[in-house]
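User: I would like to go through this model with you, starting with a contact between chains and then turning to the ligand sites. Please reason briefly before giving each value or name.

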There are 4 protein chains.
Amino acid sequence: VPHQVLDHGFVRVVDYMGDDAAICQAARVSYGRGTKSVQNDEGLIRYLMRHWHSTPFEMCEVKFHVKLPVFVARQWIRHRTANVNEYSARYSILDREFYIPAPEHLAAQSGVNNQGRGEVLQGEEAQRVLNLLREDAMRSYDHYEAMLAQDDNQQGLARELARMNLPANIYTQWYWKVDLHNLLHFLRLRADAHAQYEIRAYADAMCRIAADWVPAAFAAFRDYRMDAVSLSAQAV
Amino acid sequence: VPHQVLDHGFVRVVDYMGDDAAICQAARVSYGRGTKSVQNDEGLIRYLMRHWHSTPFEMCEVKFHVKLPVFVARQWIRHRTANVNEYSARYSILDREFYIPAPEHLAAQSGVNNQGRGEVLQGEEAQRVLNLLREDAMRSYDHYEAMLAQDDNQQGLARELARMNLPANIYTQWYWKVDLHNLLHFLRLRADAHAQYEIRAYADAMCRIAADWVPAAFAAFRDYRMDAVSLSAQAV
Amino acid sequence: VPHQVLDHGFVRVVDYMGDDAAICQAARVSYGRGTKSVQNDEGLIRYLMRHWHSTPFEMCEVKFHVKLPVFVARQWIRHRTANVNEYSARYSILDREFYIPAPEHLAAQSGVNNQGRGEVLQGEEAQRVLNLLREDAMRSYDHYEAMLAQDDNQQGLARELARMNLPANIYTQWYWKVDLHNLLHFLRLRADAHAQYEIRAYADAMCRIAADWVPAAFAAFRDYRMDAVSLSAQAV
Amino acid sequence: VPHQVLDHGFVRVVDYMGDDAAICQAARVSYGRGTKSVQNDEGLIRYLMRHWHSTPFEMCEVKFHVKLPVFVARQWIRHRTANVNEYSARYSILDREFYIPAPEHLAAQSGVNNQGRGEVLQGEEAQRVLNLLREDAMRSYDHYEAMLAQDDNQQGLARELARMNLPANIYTQWYWKVDLHNLLHFLRLRADAHAQYEIRAYADAMCRIAADWVPAAFAAFRDYRMDAVSLSAQAV
Ligand SMILES: Cc1cc2nc3c(=O)[nH]c(=O)nc-3n(C[C@H](O)[C@H](O)[C@H](O)COP(=O)(O)OP(=O)(O)OC[C@H]3O[C@@H](n4cnc5c(N)ncnc54)[C@H](O)[C@@H]3O)c2cc1C
Ligand SMILES: Cc1cc2nc3c(=O)[nH]c(=O)nc-3n(C[C@H](O)[C@H](O)[C@H](O)COP(=O)(O)OP(=O)(O)OC[C@H]3O[C@@H](n4cnc5c(N)ncnc54)[C@H](O)[C@@H]3O)c2cc1C
Ligand SMILES: Cc1cc2nc3c(=O)[nH]c(=O)nc-3n(C[C@H](O)[C@H](O)[C@H](O)COP(=O)(O)OP(=O)(O)OC[C@H]3O[C@@H](n4cnc5c(N)ncnc54)[C@H](O)[C@@H]3O)c2cc1C
Ligand SMILES: Cc1cc2nc3c(=O)[nH]c(=O)nc-3n(C[C@H](O)[C@H](O)[C@H](O)COP(=O)(O)OP(=O)(O)OC[C@H]3O[C@@H](n4cnc5c(N)ncnc54)[C@H](O)[C@@H]3O)c2cc1C
């Protein structure tokens, strides 16, 4: 079942390989008969996470089907250690689906953080912004269709050109496959408070998926990465 | 000096490491004293290319500064074996610069190739399309500015949200650094007739740059990759 | 069931994700509703292979358990697009198992190809070589054990140091996980006549595994890569 | 000038691209006109390191020539985000050079850490071990040469086979090229107390090189990575 994200998006697990036990199985190849005490799986996973022994986490793999706005896709695709197949707007016509923020996520520019949000917009300003976003999306899409149309009057513009009229809040889709180590790295950066809310909404859904899929690994990740505190040499 | 590409874009070499000689230097590490005859550099490079000995080509590196429309950037970024820093539309305000195709590149959808272009649009249709692209770009940008504006009436929408109103033909910029093997792989896919004209325009400029930078390697690449013909087992 | 390779080695599939259908499923995400005719899976896979549309092949993943001589491992590990966990000779004691070539693989240095083999060694020379390989392996291992031994007379050398006395034909083990595109790239280079016989023996076993696992993809790979012929621009 | 490492090894910088200023140059592309205050380079670099903004560090590249024992090369090559060309023992004949630990590095197996060293071996045991290492290295090499020899009595074993008789302390060489972000990642793991002394000796030399090359980045790396302390959620 897909996890709904934002107004029209989702994340859905298509397939996966391995689980907490597969991490341990791989780690134990390294240790061979050298492992004296039979350490339990959870303890071993916590040990690996604590000491940055990341390769056993690469032994698990997961494939997602994701529907997401283009501006989120542009941030997401920067994570290069993954496999991707995206809907082609050269080949096919995009759907009339745009991300319009819910009122509580329509935030002002932060005054202190150049790369962040401030308070939620209120009243008339909020309304003005929502209207502009909605109208521009609809008008762009109308014109997209108009340019594509083939009839007696016109040949129809190439899809690969027409799509450049569409704004970055239009939805796209892809299959995204990644190993667990790099998924956790993605989540660390994108479920973080510095990430833009919209990609964080996807990362949060994927955190819930990961917590179900590999509970021990995800708990260790929370303790030693997400919620850990790092003190610089100078702070120490 | 930057190479101009499309209406407002460019590719500019910021820095590079190595050249034809560096490829040979690395290849000769492998051969050690085993190399009986002193093969000349060009011959060695052709040999390496022909036999897919790709790692010596990874010993050269180049860094570009590129200005390009967002829909081109979306295709380009799919090449994961590179290093990238892009202008942040969360952090800063984008410029009012949009790609508007020259009349001779305003093509109809191909009837035979789903992912391609047909004839160039003519007369009224061409004019209609150009007007729509120009007007929508300007209106979107006007509204982008309007949503961002901070004054007595409004706080100003967060930049990371306002930018989602902007269409995919707006320009962005980045630094893009890559090794020669993966640059050639990029060029093979993107200077190819199946690639969209707009990214091909960048790839063509980079072919010229590569031909200057590493003439022997680029000539071998042309002969054994770009202009080579592959016959399947069945065709043979 | 493991595939036996060389005298003590094996390749065994531990797990896999996806198959021919998964390649098509991912490719069809790209095409969306644009795909007019329902092309069959095999035809689609051949199309993707022919046109170097490699990302759908990355949607399949396979995990092997491999036992192999160290000198083979040294060639294999050069393929970076994979996930690996190897038996640790710092942590554990290696087994007394060495690769000794079967008589028919004990070949002379090639006179024409610096990186290749000539005729099979015969008679006394073959015997001399086999004796040296066997004796040196056994003696090195005896000394490895002697240096490690802890008793009243000695503390025992650290395992990470003692192992440096062991020759490159000793066996090691690892888990090796890779996506199908990069597996095929590996097989292309390592099931090839230029590869050393010993790694080719593993690649051949893996070709059989792949042919079972993804028959359409493997057949396309054979036709368009392994058994294809490439003509340079000059040859054309 | 090469930095001498171990008894016969070295690390030598062949070429590099970029420096502290190049990191900032790339980071500033992202910030565009958004950067209000002109933050100085050092402050910016510290900020990037602290917040795991790692891509600007990828904008620097360095190429090393390294001579190192095979067992060190086996650990080193596990770092996949680099470009490598190694001396080929299929193509050429290896030199008679072996790593023999200095007496102060001839350590016993640790009693508490399976993957570590204990006290330095003393007296007769140390002597016995050194003798075994030296004699086995010399004998293996004598036999390597004997098997390779071509004369009236014998054709000479293929180099790719003969080399499997050589122990893991023989020296090899390679060119190794990497970006600064991944070099620092390598140094973090390999200049660490958990790494085997022999690879640490190389990492230490490379730390000195990096401190000269990119002083601000290396200082930030020391403070926020190498010498930082991480407290788990539970510890906090
Ligand atoms: C004409 C054309 C049409 C296209 N149409 C579509 C489309 O409809 N939909 C779509 O989604 N894409 C499409 N693409 C993009 C295409 O699928 C590739 O993403 C893009 O061409 C980059 O190629 P690459 O993966 O070989 O390059 P790189 O990412 O630079 O990779 C080079 C090689 O490095 C290895 N590699 C790098 N990163 C990884 C990793 N994380 N995991 C495993 N191996 C890795 C692989 O061996 C790979 O072949 C199209 C491309 C072209 C040229
Ligand atoms: C809050 C936030 C703000 C950001 N702001 C900006 C910005 O303003 N501008 C901007 O350009 N980006 C920005 N980014 C994107 C950021 O720079 C990274 O591109 C993105 O986070 C992916 O991280 P990564 O490189 O670690 O992941 P991956 O690409 O998945 O890489 C993981 C690791 O694999 C290795 N690796 C993978 N591919 C390569 C390769 N080709 N070469 C070398 N090593 C490789 C590296 O060790 C890397 O650390 C921002 C990200 C965040 C989270
Ligand atoms: C003290 C110590 C003990 C060790 N013991 C063992 C052992 O017993 N057994 C053993 O097998 N290894 C062992 N290792 C090796 C270890 O597992 C790593 O292989 C090695 O440290 C390289 O680290 P890396 O993967 O982070 O580096 P790189 O390979 O340089 O990768 C950097 C980052 O890039 C990304 N990346 C690069 N390539 C890929 C890829 N193909 N797929 C996905 N992501 C990729 C990942 O995000 C990765 O974290 C040990 C290492 C150390 C330091
Ligand atoms: C017959 C034969 C002889 C050989 N002789 C020698 C020799 O004498 N000396 C020697 O050193 N090696 C030798 N090699 C090894 C060879 O140079 C390659 O290292 C090995 O074949 C792996 O190939 P690859 O790099 O394509 O594979 P992978 O490492 O799996 O990479 C696949 C693709 O992914 C991309 N990629 C992955 N990682 C990176 C990265 N870190 N940076 C940039 N791009 C990346 C590249 O596009 C690459 O083509 C030999 C190999 C063969 C088959």
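User: How many residues of chain A are in contact with chain D?

Analyst: This is a predicted model, and contact here means heavy atoms within 4.5 Å. The area buried between chain A and chain D is about 2,000 Å², with carbon and sulfur atoms giving 46% of that area. On the side of chain D, 25 residues take part, and the number of residues of chain A in contact with them is 25.

User: Which residue of chain D forms a salt bridge with Glu58(A)?

Analyst: Between chain A and chain D the count is two salt bridges, and there are also ten residue pairs in polar contact, both residues being at pLDDT 80 or more. Helix H8 (215-226) and strand S8 (229-231) of chain A each supply at least two residues of the side that touches chain D. By class, that side of chain A has seven nonpolar, nine polar and nine charged residues. For Glu58(A), the closest N and O atoms of the salt bridge are 2.9 Å apart, and the partner is Arg80(D).

User: Why is the site of ligand 3 shared between chains?

Analyst: The shell around ligand 3 draws at least two residues from each of helix H6 (180-190) of chain A, strand S4 (83-86) of chain C and helix H6 (180-190) of chain D. Among the closest of the 23 surrounding residues are Asn182(A), Glu86(C) and His185(D). The site is shared because the residues that surround ligand 3 come from chains A, C and D.

User: What percentage of the accessible area of ligand 3 does the protein cover?

Analyst: A polar side-chain atom of Ser30(A) lies 3.1 Å from a nitrogen atom of ligand 3, while an N or O atom in the side chain of Arg78(D) is 2.9 Å from an oxygen atom of the ligand. A backbone N or O atom of Glu86(C) lies 2.7 Å from an oxygen atom of ligand 3. On its own ligand 3 has 940 Å² of accessible area, and the share covered by the protein is 85%.

User: How many residues of the shell around ligand 4 are charged?

Analyst: Ligand 4 lies between chains B, C and D, and 23 residues surround it, with Arg80(C) and Glu86(D) among the closest. Polar side-chain atoms of Thr81(C) and Gln115(C) lie 2.7 Å from an oxygen atom and 3.3 Å from a nitrogen atom of ligand 4, respectively. The residues of this shell divide into two nonpolar and 14 polar, and the number that are charged is seven.

Methods: Residues numbered from 1 in each chain as written. Chains lettered and ligands numbered in written order. Predicted model: local features only at pLDDT ≥ 70, side-chain atom pairs only at ≥ 80, totals over all residues. Heavy atoms only, no water. Near = heavy atom within 4 Å. Polar contact = N/O pair within 3.5 Å; in protein donor to acceptor, adjacent residues only side chain to side chain. Nonpolar A, V, L, I, M, F, W, Y, C, P; charged D, E, K, R; others polar. Buried area = accessible area lost by both parts, 1.4 Å probe. Salt bridge = Lys/Arg side-chain N within 4 Å of Asp/Glu carboxyl O. Helix = DSSP H or I, 4+ residues; strand = E, 2+ residues; numbered from the N terminus. Areas by Shrake-Rupley, 256 points an atom, 1.4 Å probe, with all protein chains shown as cover.
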